[in-house]
Amino acid sequence: MEKRILGKDLAVSAIGLGCMGLSHAYGLATEKTQALKLIREAVNVGYTFFDTAECYIGRYKDGSLSNNEELVGEALKQYRGKVVIATKFGVRLEQDRITPPVPDSRPHIIRASVEGSLKRMGLERIDLYYQHRIDPQVSPQEVAGVMSDLIKEGKIGHWGVSEADETYLRRAHAVCPITAIQNRYSMMARQHESLFGVLFELGIGFVAYSPMANGFLTAKYDRDCVFEANIDYRSVMPQFEATGVDKNQRLLDLLRSFAYTKNATPGQISLAWMLCKKPWIVPIPGTRSLSRMKENAVSSEVKLTDDEVNGLDEALDKVGMSKVFGVA
Ligand SMILES: NC(=O)c1ccc[n+]([C@@H]2O[C@H](COP(=O)([O-])OP(=O)(O)OC[C@H]3O[C@@H](n4cnc5c(N)ncnc54)[C@H](OP(=O)(O)O)[C@@H]3O)[C@@H](O)[C@H]2O)c1
């Protein structure tokens with residue numbers, strides 16, 4: 001797969017694999033052997049960028065815990081040095097209940113988190129370490145200072161911020177250069193396009209999470225889809241509600257017809273659209289299925305011209321759509 005550079009020098013595959021859903025937020029965790037197989041097969045397909053977090057914990061069918069960092073660490077043990085693993089610190093999540101994450105980036109908490117993540121993943125160094133959410137109680141300078149120390153100590157290679165805003169980025173970057181942000185970004189959630197200017201100016205990459213609007217943009221879901229309450233976040237996502245699905249039909253028609261002209265799938269177009277906007281954007285779609293993981297990888301081969309990207313943007317501005325999870 002084509003490579004992209006995040007920040008100054010972090011080379012990653014143009015599409016990364018979001019591993020969260022294998023353990024957390026999309027219902028019961030994927031059976032472990034299957035999950036290990038999926039992650040390893042992704043390496044064979046060309047993915048070299050894997051995303052997890054300290055708080056991605058869910059349950060297997062038998063009630064035992066699936067720790068996503070442990071899973072990713074085990075799956076990629078044999079590929080050390082050949083792949084980039086990103087994880088995150090700084091939020092607490094409740095188990096078995098859908099609640100907003102609680103931020104906590106106090107320096108001693110970060111210190112404990114980094115040791116825990118290294119241990120769970122069996123790593124000596126985390127390639128890319130994100131602050132998962134901004135903590136209003138801790139200044140960007142203080143967090144960046146801890147990151148600078150962790151880089152000097154060799155515990156992390158690069159750092160980033162998830163759900164960053166411009167002011168925070170500027171302050172933190174001045175203390176310790178940021179390699180990437182990881183923000184929500186999809187055809188249904190374009191609010192962070194306003195950060196493109198500052199990202200370009202500071203040389204920071206944009207890792208796009210939930211790049212397919214949690215799967216909705218693949219056009220494979222309809223108003224009859226039912227998701228398990230409390231453990232599948234799609235059960236509370238407005239884009240999957242029956243009224244949301246109805247409101248989004250014109251958007252799906254737009255995607256389907258454009259995909260037809262490019263001999264691609266709607267999901268591939270939703271990823272290719274952002275890849276063709278900036279060379280430093282890297283989407284990290286998540287999936288539990290081998291065939292969908294392969295389908296998503298091919299998106300990096302679907303090329304859209306500037307005119308096509310602009311045409312899609314104009315159509316997206318006009319088409320009308322439901323709210324999407326995570327955007328006020
Ligand atoms: N920083 C943060 O706060 C944050 C928040 C959320 C997520 N993330 C990261 O971003 C990654 C991706 O986000 P996400 O999983 O929320 O959203 P996403 O990638 O937009 O969507 C994932 C969903 O789409 C479905 N899907 C994927 N490819 C498909 C295809 N080709 N055809 C049909 N359905 C497809 C998956 O179902 P199947 O499994 O059935 O294929 C899954 O339900 C996560 O894994 C996580 O690492 C970060």
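Reader: What makes the approach of tyrosine 56 to the ligand a polar contact?

Author: In this predicted model, a nitrogen atom of the ligand is 3.5 Å from an N or O atom in the side chain of tyrosine 56. A polar contact is a pair of N or O atoms within 3.5 Å, so the pair qualifies.

Reader: Which oxygen contacts does the ligand have with histidine 132 and arginine 234?

Author: An N or O atom in the side chain of histidine 132 is 3.3 Å from an oxygen atom of the ligand. For arginine 234, a polar side-chain atom lies 3.2 Å from a ligand oxygen atom. Of the 900 Å² of accessible area that the ligand has on its own, the protein covers 94%.

Reader: Why is valine 207 called buried?

Author: Its relative accessibility is 0%. Buried means under 20%, and therefore valine 207 counts as buried. Valine 207 is found in strand S13 (residues 205-209) and touches residues including Leu6, Phe49, Tyr130 and Val282.

Reader: How do you know that the span of helix H3 agrees with its number of residues?

Author: Helix H3 (residues 107-121) has 15 residues, which at 1.5 Å a residue should span 21 Å. The expected span uses one less than the number of residues. The end C-alpha atoms of H3 are 21 Å apart, so the two values agree.

Reader: What covers the buried residues of H3?

Author: The buried residues of H3 include Ile110, Val114 and Leu118. Among the elements that cover the buried residues are helix H2 (68-75), strand S7 (84-89) and helix H4 (140-152). Just after H3, glycine 122 takes a positive phi of about 65°.

Key. Residues are numbered from 1 along each chain as its sequence is written. This is a predicted model: local features need pLDDT of at least 70, side-chain atom pairs count only at pLDDT 80 or more; totals for chains, interfaces and linings use all residues. Side-chain values use heavy atoms; hydrogens and water are left out. Helices (H or I, at least four residues) and strands (E, at least two) are DSSP runs, numbered from the N terminus. Buried means under 20% relative accessible area, exposed over 50%, partly exposed in between (1.4 Å probe, protein chains only). Contact means heavy atoms within 4.5 Å. A polar contact is a pair of N or O atoms within 3.5 Å; within protein, one must be able to donate a hydrogen and the other to accept it, and residues adjacent in sequence count only if both atoms are side-chain atoms. Accessible areas come from the Shrake-Rupley method with a 1.4 Å probe; for residues, only the protein chains shown count as cover. Lists of a residue's contacts leave out its neighbours within four places in sequence.
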